[in-house]
Amino acid sequence: MTDHVAHVQDCTVSSCDFNHEGCTAYAITVGGTPEHASCATFIDTSATGGLPKVLAQVGACQRNECRFNNHLMCDAHDVRVGPGAELADCLTYQPR
């Protein structure tokens, strides 16, 4: 089991309520479909969410087939989130 917590290095999804010049969620969950991994924490409402500073990390990863998934935790050094097949894809995702 990993003792490393992957930080969200970059998020370029401007329509997410947690993105204020960086991800301000305390932690994100990586989810998605078999075709691609996405940020399951993405939310697009009229609310502004998150903490007063950027310090997001990956709390859980549901993508067991990703080479960085270690007991449902992300073992990557850091994670990038950006547009892809969905509005907020985990761009760090790599299948085994």
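User: Which residues does UniProt list for "domain: DUF1540"?

Analyst: The unreviewed UniProt entry lists residues 11–42 and 61–84 under that name. Keep in mind that the structure here is a predicted model.

User: What's the secondary structure like over residues 11–42?

Analyst: That span is 0% helix and 38% strand. Its end C-alpha atoms lie 11 Å apart.

User: And residues 61–84, how far apart are the end C-alpha atoms there?

Analyst: They are 18 Å apart, and the chain over residues 61–84 is 0% helix and 42% strand.

User: Switching to Asn 19. Where does it lie?

Analyst: Asn 19 is in the loop that runs between β1 (7–11) and β2 (27–33).

User: Is Asn 19 buried or exposed?

Analyst: Asn 19 counts as buried, because its relative accessibility is 12% and the cut-off for buried is under 20%.

User: Which backbone atoms lie by the polar atoms of its side chain?

Analyst: Two to mention. The backbone oxygen of Val 13 is 3.1 Å from a polar atom of the Asn 19 side chain, and the backbone nitrogen of Gly 22 is 2.9 Å from a polar atom of that side chain.

User: What does Asn 19 touch, leaving out residues up to four places away in sequence?

Analyst: With those left out, Asn 19 touches Cys 11, Thr 12, Val 13 and Ser 14.

User: OK, and Asn 70, which strand is that in?

Analyst: Asn 70 lies in β5, residues 69–70. Its side chain makes a polar contact of 2.7 Å with the side chain of His 71. Not counting residues up to four places away in sequence, Asn 70 touches Met 1, Thr 2 and Asp 75.

User: Now the core. How many residues are in the largest nonpolar one?

Analyst: It has 23 residues. Cys 23, Ile 28, Val 30, Val 58, Cys 74, Val 79 and Val 81 have the most contacts inside it. At least two residues of this core come from each of β1, β2, β3 (36–39), β4 (57–61) and β7 (78–82).

User: What does Val 81 touch, again beyond four places in sequence?

Analyst: Its contacts include Val 8, Cys 11, Val 13, Ile 28, Cys 39, Ala 88 and Leu 91. Asp 10, Thr 12 and Asp 89 are also among the residues Val 81 touches.

User: How many cavities of 30 Å³ or more are there?

Analyst: The structure holds two. The largest has about 80 Å³ of space.

User: Which residues line the largest cavity?

Analyst: Among them are Val 30, Cys 74 and Val 79, which also appear in the list of residues with the most contacts inside the core. The lining also includes Ala 37, Arg 63, Phe 68, Asn 69 and Tyr 93.

Key: Residues numbered from 1 in each chain as written. Predicted model: local features only at pLDDT ≥ 70, side-chain atom pairs only at ≥ 80, totals over all residues. Heavy atoms only, no water. UniProt positions renumbered as here; feature names shortened; annotations may be inferred. Helix = DSSP H or I, 4+ residues; strand = E, 2+ residues; numbered from the N terminus. Buried < 20%, exposed > 50% of the residue type's maximum accessible area, 1.4 Å probe, protein only. Polar contact = N/O pair within 3.5 Å; in protein donor to acceptor, adjacent residues only side chain to side chain. Contact = heavy atoms within 4.5 Å. Core = buried A, V, L, I, M, F, W, Y, C linked by side-chain atoms within 4.5 Å. 1 Å grid on protein atoms, 1.4 Å probe; cavity = no way out; pocket = protein on both sides within 12 Å on 5 of 7 lines; lining within 4 Å. Points joined across faces, edges and corners; volume = space filled by probe spheres on them.
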